[in-house]
Amino acid sequence: MNGTLDVAELLSGAKAVLDRNRCDGWTRPAPTLYPHQWSWDSGFIVLGYAHYDLERAFVELRSLFRAQWGNGMLPHIVFDPREKGYFPGPEFWETERSPEAPTHPTSGITNPPVHGLVASLLWRRGGDAARDFVAEAFPVVRAFHRYLYELRDPHHEGLPFLRHPWESGTDNSPAWDEALARIEVDRSTLPAYERKDLTVVSGEQRPTRADYDRYVFLIELFKGLAYREREIQAECPFLFQDPLFASLLARSNEALLELGDALGEDVGEIREWQQATTAAVEEKLWDEEMGLYCHYDLIAGERVRVATSSGFAPLLAGIPTESRRRRLLATLESPRFAGSSGECYLVPSHEVDGPAFDPVKYWRGPVWVNVNWLLCRALERCGFHRQADRVRGDTLDLIAHHGFHEYFSPFRTAARGPVGGYGSADFSWSAALTVDLLAGVSNAAGATAPGRQAS
Ligand code: 2M8
């Protein structure tokens, strides 16, 4: 690495990836591995479009919003009915069993609530040109949040639960391991299924067969209950509260408060949601010994003491007290995440000395561009500019070295393990968020900008 980034080349490369992955008004997360529209992916993708084609951003989100369920749920996937290359596809989900499902085929679970935050950023970027879109988006996002608080938060704690690992976005996180291991699956009772992911990406970078059996088991349960939320809540063996999901919800509530005020909407209920979530994250998810926020397993009735990058997310919503902010920073810069001699790119998805750490398996160690983008904003919000610069620099460095991959080994050199980009190449949110991150890098000459030090 020569210490500089070729901004023009990265930008044109990122836009080319997005052009190639774009379909009829929406964008595949990856060319073949993920050939449908994903909810939180679209949220990140439009933040790239916002820099050069605002209309594309609106069209992309409208395609997602059209698939909102009657109960308010924004589904995690909106399917392209022509596409047969992904498992589980629409014929497996059978969402037509639910009267709440839209006529367009979708999955029957949700994805992290990034949309309020995204709408407010589009408004900031587009100004008047974004106002009509934001007025359209506001009731959709509010209905989604209402669904989360009314149907996913039975004890009114302000912490909606997830009922499938895929709802977290951090699908293969070691935080789920114990809970998934408790689910006894008799394979002979599962429908036969064929994974398509392994035809695109090597098995060592993807979840195991035992994981997939459990993913499928949960979908079978939901289908059997025709996606009725109250019954699912009573029977589902996997119910989690998640610091990343909760923090995105809090941050999106904050955005809705700002948008609602500007649009002249009554924001009373949103203010209550916001206060409840902020307080609950502080009370229930902080782990003093770990110096980090953790997941909470509602079935086991305990915090899961597994250190993941999701544990820093409350910074994004300004939730932690000053002393906890300092603790989080110390955790981030400690050998657990930065390596014993700073040999890791920030931010590994699982602490590098953790028992389940794997530098190339998705969500069990690799660095992700969307998480880094979120944490960069989070650190800036809390005044930790040097650390935010480091996370931004590390992210751009990884992209410049290895391309727009789905995820990256956290190792800078081969001394401790594999180095490079993994999962799918040409990954849409890696490209889109590069466009946004580069906008924050000064570029007087229009061609180069400071990069990270040589590795
Ligand atoms: C991954 O998840 C999908 C299931 O939703 C999969 O593995 O098939 C996750 O990384 C998720 O966060 C992401 O939204 C999705 C599409 O990029 O891929």
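**Pocket, cavity and ligand**

The largest pocket of this predicted model encloses about 330 Å³ of space, a volume being the space filled by probe spheres set on grid points joined across faces, edges and corners.

Residues are numbered from 1 along each chain as its sequence is written. Local features need pLDDT of at least 70 and side-chain atom pairs 80 or more, while totals for chains, interfaces and linings use all residues, and side-chain values use heavy atoms, without hydrogens or water.

Me: What makes a residue part of the lining of the largest pocket?
Reply: On a 1 Å grid over the protein atoms alone, a pocket is an open set of points with protein on both sides within 12 Å along at least five of seven lines, and a lining residue has an atom within 4 Å of a point. The lining has 16 residues, with His51, Leu121, Trp373, Arg377 and Asp436 closest to the centre.

Me: How do you know that the ligand sits in the largest cavity?
Reply: A cavity is a set of points where a 1.4 Å probe fits but cannot get out. To sit there, a molecule needs more than half of its atoms within 2 Å of the grid points, and the ligand does sit in the largest cavity.

Me: Why is the pair between Asp41 and the ligand called a polar contact?
Reply: A polar contact is a pair of N or O atoms within 3.5 Å. A side-chain N or O atom of Asp41 is 2.6 Å from a ligand oxygen, so the pair qualifies. For Gly169, a backbone N or O atom lies 2.5 Å from an oxygen of the ligand, so that pair counts too.

Terms used: A polar contact is a pair of N or O atoms within 3.5 Å; within protein, one must be able to donate a hydrogen and the other to accept it, and residues adjacent in sequence count only if both atoms are side-chain atoms.
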